[in-house]
Amino acid sequence: MTDMGNGDILVTVDAVPEGEFVLILKGEDKLSNGEYQRQSTTQMSISKVNIQAAVDSSVEPGEAFKLPFSVMTQGTGGTYTINARNDRDFPMNYPNSIILSTGQYANATLTITPSATTESGTDVTLTIEAKSSSGVDSNYAVLRLSVVKKITDFIPPKCEVTSVLADDCPKDVSQCGPFRWELSANFTDGNGTGIESISLNRGNGRFTHTALTASIVQAYYNGSCCSQILEIVAVDKVGNVGKCYHSIIRSAGFSAKTLSLPLWLCLLVSIFVARS
């Protein structure tokens, strides 16, 4: 005996009798110093029926999944009733009965079909039961299946910038206040699962897009010239991320028209010294 705490005691026996038996518990009450005895109300026996089944892969939503299983009895052969159930009420097909010969396994197949709308990652508990025609002997096997949507889309959504209107933005960023710029872009997911969401990651202007159910989703941005970097993020239905980046920052450099004559002379002298 092992004290499990909270008043629970685990009792382990070396061997279970082959025939029918009852459980008897005897003990002594420490408060009253009296003996007590409890006995199971029904007789028990070891099942002679064995069910073997194993799940070696996940189940896809909307796809039929075939589960082979085997049943064997060490008792009397004959017709055994097969019953199966699952906790998600998914439709199943399986033989209602199977004929067994003593000591020999008989094979059968159960087919379960999760609904197409089943969320990926859903667990299903499946129970298969076999019972003799007399009802004297029976057994069951409990299995757990995982419904996982197969991912075949590994390509992120693509972005194509169709137009940029930023000519009004001044070169001097300190004067950007009253000026705005615009950008239009098309997002597509090709033969993928479709675009789930499109959002503005960088930029503080007004951002809109057309319906995500369309094959080409058009996005439009209108923002202040003070915010010169734009990044739009598109995520498809399996989590692939595509980004659309655009900058209107003008590179800092000197125009030839702005160079004064003394500066030109200095440059020519420097070139001449370097070559000599």
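The questions below look at one domain of a predicted model, at one of its threonines and at its core.

Residues are numbered from 1 along each chain as its sequence is written. In this predicted model local features need pLDDT of at least 70 and side-chain atom pairs pLDDT 80 or more, while totals for chains, interfaces and linings use all residues, and side-chain values use heavy atoms, without hydrogens and water.

Q: What percentage of residues 49–148 is strand?
A: An unreviewed UniProt entry lists these residues as "domain: VWA7 Ig-like", and such annotations may be inferred rather than shown by experiment. Strands are DSSP runs of E with at least two residues, and helices are runs of H or I with at least four. Over this stretch the chain is 0% helix, and its strand share is 57%.

Q: Is Thr122 buried or exposed?
A: Thr122 is found in strand S11, which covers residues 122–132. Buried means under 20% relative accessible area, exposed over 50% and partly exposed in between, with a 1.4 Å probe and protein chains only. Because the relative accessible area of Thr122 is 15%, this residue is buried.

Q: Which residues touch the most other members of the largest nonpolar core?
A: A nonpolar core is a set of buried Ala, Val, Leu, Ile, Met, Phe, Trp, Tyr and Cys residues joined through side-chain atoms within 4.5 Å. The largest one has 26 residues, and the strands that each supply at least two of them include S6 (65–73) and S10 (106–112). The members touching the most others are Val71, Leu110, Ile112 and Ile128.
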